[in-house]
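Please keep the sequence and the three-dimensional view side by side while reading. The account below moves from strands to helices and then to the packing of side chains.

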Amino acid sequence: MSVTINGPQKAISNVKDLSYLEATATEQPDIDYIPDRNKWLKRTAQRLAKEPTLPSSPLPEGFPQKLHSPLVWEGIDWKTESQWVYELTAAHLQEIDDAVGLGFHFGHISPGTFPLPTLGPVLKDLARELHSGRGFFVLRTIPVDSYSRADNVLVYAGVSSYVGNVRGLQDKNGGVLSHVKDLTRTHSGVIGGPAYTAVPQVYHTDQGADIVSLFALEVAAEGGTSRISSQWRVYNELAETRPDLIRTLSEPWVVEQYNENPPFTIRPLLYYLDSRVIIQYARRYFTGYLLLPRSKEYPITEAQAEALDALHYLGEKYSLGLNFQKGDIQYINNLSIFHARDGFKDDGNHTRHLLRLWLRNEQLAWTLPELLEPLWKKTFCVKPEDQTFALDPVVRDAVRGKN
């Protein structure tokens, strides 16, 4: 495997070149998918006692002391849902209904085949908000009970095509739509990711997508709050208080690639390009989850374990809980926003069920660091005619565990 990292982010040709990791990590630290605050505080205290100069370390070359942008925010900055929720009008809903009746193949759904004369320009403005504003918004509300499952998917793809005109591959056989639902009763023997359980999902980004969108077909009987947090606010705190962790995050990590060949990639989790910070990580790649454990061959370091906990707990500190309602569609900038989910309980009347799309807006898209380009090429590689849309929940191959 050949990897090139520009600037201060050093070049790595293969896993064996990770000499700094091999020298310091002989076994996996005491860290699990679900973070433990006491373990984080203990690890931090031990590392600072051993190396008290860590908080005064310099930032990696070229990285900013502080970011200034609408993308820097805290949950307490938002006072009312009207600041991020866009309410669809009766006229908008009629436009959507009219477009559903045109009957195009799902893969060819686009602004050209799913006309929304007045809503379309609004959605394009909201797409700009994703890329250069606060980085998130919610559409409220699609009347999901008025449509079949297939038509709800059609509505979702059509509306979303105005936000991001390219849909990303999420599963084999051209699958561009995935389901987020507790499948532990029906698929317990193959689950390797928290999206298919009712346990909390910790702060993370999805791998290889500019925009992550979720459409609520149904909400849980209890819990399941969708939470988001500004990566840039987290960066600012780390840059001020623990610049050594910025360095750790900007150095190469062995990132597990479950069910793929090769079974890992080597890249940083944090990048700085074009005056933008980008963090791309999911905790389960470094801790494992259920039937997809972390490889014992390349354990993470204590510094990396602390950095993972810092991302989670600072994300939690500055988070915003979204009142995600049935029929809502949520859009977030996956390059600047972490997302998470509270644990939940279903019952006979309410079974939490979300649909997910990965999107890219070719006109507004950020320039990607070179090391992330292979991920994006793999995601946004499927032609419209080859796209498939699973109408029923399945466990994606990428998170399918092995007994």
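The paragraphs that follow take up a few strands, an open sheet, some helices and the nonpolar cores in turn.

The model is a predicted one, and a convenient place to enter it is strand β19, which spans residues 353–360. Eight of the eight residues of β19 are buried, and the strand is accordingly described as mostly covered. In a regular strand the side chains alternate between the two faces of the sheet. In β19, H353, L355, L357 and L359 point one way, while L354, R356, W358 and R360 point the other way, and all of these residues are buried. Both sets include an arginine or a histidine as well as leucines, as the names H353 and R356 show among them.

Which strands pair with β19, and in what sense? Strand β6, made up of residues 211–218, pairs with β19 in the antiparallel sense over seven bridges, and within this pairing S213 has L357 of β19 as its bridge partner. Strand β4, residues 175–181, is also antiparallel to β19 and is joined to it over four bridges, with H179 standing opposite L355. Strand β3, which consists of residues 166–167, pairs with β19 over two bridges, again in the antiparallel sense, and here V166 stands opposite R360.

A second enclosed strand is β2, residues 136–140, and the question is why it can be called largely enclosed by the rest of the structure. Five of its five residues are buried, where buried means under 20% relative accessible area, and β2 is therefore largely enclosed. From β2, F136, V138 and R140 point one way and F137 and L139 the other way, all of them buried. Strand β1, residues 85–87, runs parallel to β2 and is joined to it by three bridges, V85 having V138 as its bridge partner in β2. Strand β16, residues 329–333, by contrast runs antiparallel to β2, with four bridges between them, and L139 stands opposite I329 of β16.

Elsewhere, four strands form an open sheet with antiparallel pairing, in the order β5-β17-β8-β15. Because β5 (201–204) and β15 (320–322) stand at the edges and have a single partner strand each, one side of each is left without a neighbour in the sheet. Direction ignored, neighbouring strands of this sheet are turned by 20° against each other on average. At one edge, β5 pairs with β17 (residues 337–341) in the antiparallel sense over two bridges, and Q201 has R341 of β17 as its bridge partner. Helix α7, residues 231–241, packs on the sheet and touches β8 (226–230) and β17, its direction making about 50° with that of β8. Helix α10, residues 302–317, also packs on the sheet, where it touches β5, β8 and β17, and its direction makes about 95° with that of β5.

Helix α7 has a further partner in helix α8, residues 243–250, and the two pack at an angle of about 120° with their axes 5 Å apart. Angles that are neither roughly parallel, roughly antiparallel nor roughly perpendicular count as oblique, and α7 and α8 are therefore oblique to each other. Where they meet, Y235, L238, A239 and T241 of α7 face P243, L245, I246 and L249 of α8 in contact.

Two of these α7 residues reappear in the nonpolar interior. In soluble globular proteins, nonpolar side chains tend to be buried together. The largest nonpolar core here has 61 residues, and F136, Y235 and L238 touch the most other members; helix α10 supplies the largest share of this core, seven residues. Leaving out residues up to four places away in sequence, Y235 touches L59, F63, P64, L67, I246, L270 and V277. Another core, of 38 residues, lies apart from it, and L88, L154, A157 and I211 are among its members.

A polar residue completes the picture: is N152, in helix α5 (residues 149–160), buried or exposed? Its relative accessibility is 4%, so N152 counts as buried. The side chain of N152 reaches the backbone oxygen of Y147 at 3.5 Å. Beyond its neighbours within four places in sequence, N152 is in contact with I142, V144, Y147, F215 and L217.

Conventions
Residues numbered from 1 in each chain as written. Predicted model: local features only at pLDDT ≥ 70, side-chain atom pairs only at ≥ 80, totals over all residues. Heavy atoms only, no water. Buried < 20%, exposed > 50% of the residue type's maximum accessible area, 1.4 Å probe, protein only. Pairing = 2+ DSSP bridges. Axes fitted to C-alpha atoms, helices over the stretch in contact; angles between N-to-C directions. Contact = heavy atoms within 4.5 Å. Polar contact = N/O pair within 3.5 Å; in protein donor to acceptor, adjacent residues only side chain to side chain. Core = buried A, V, L, I, M, F, W, Y, C linked by side-chain atoms within 4.5 Å. Parallel < 35°, antiparallel > 145°, perpendicular 65-115°, else oblique.
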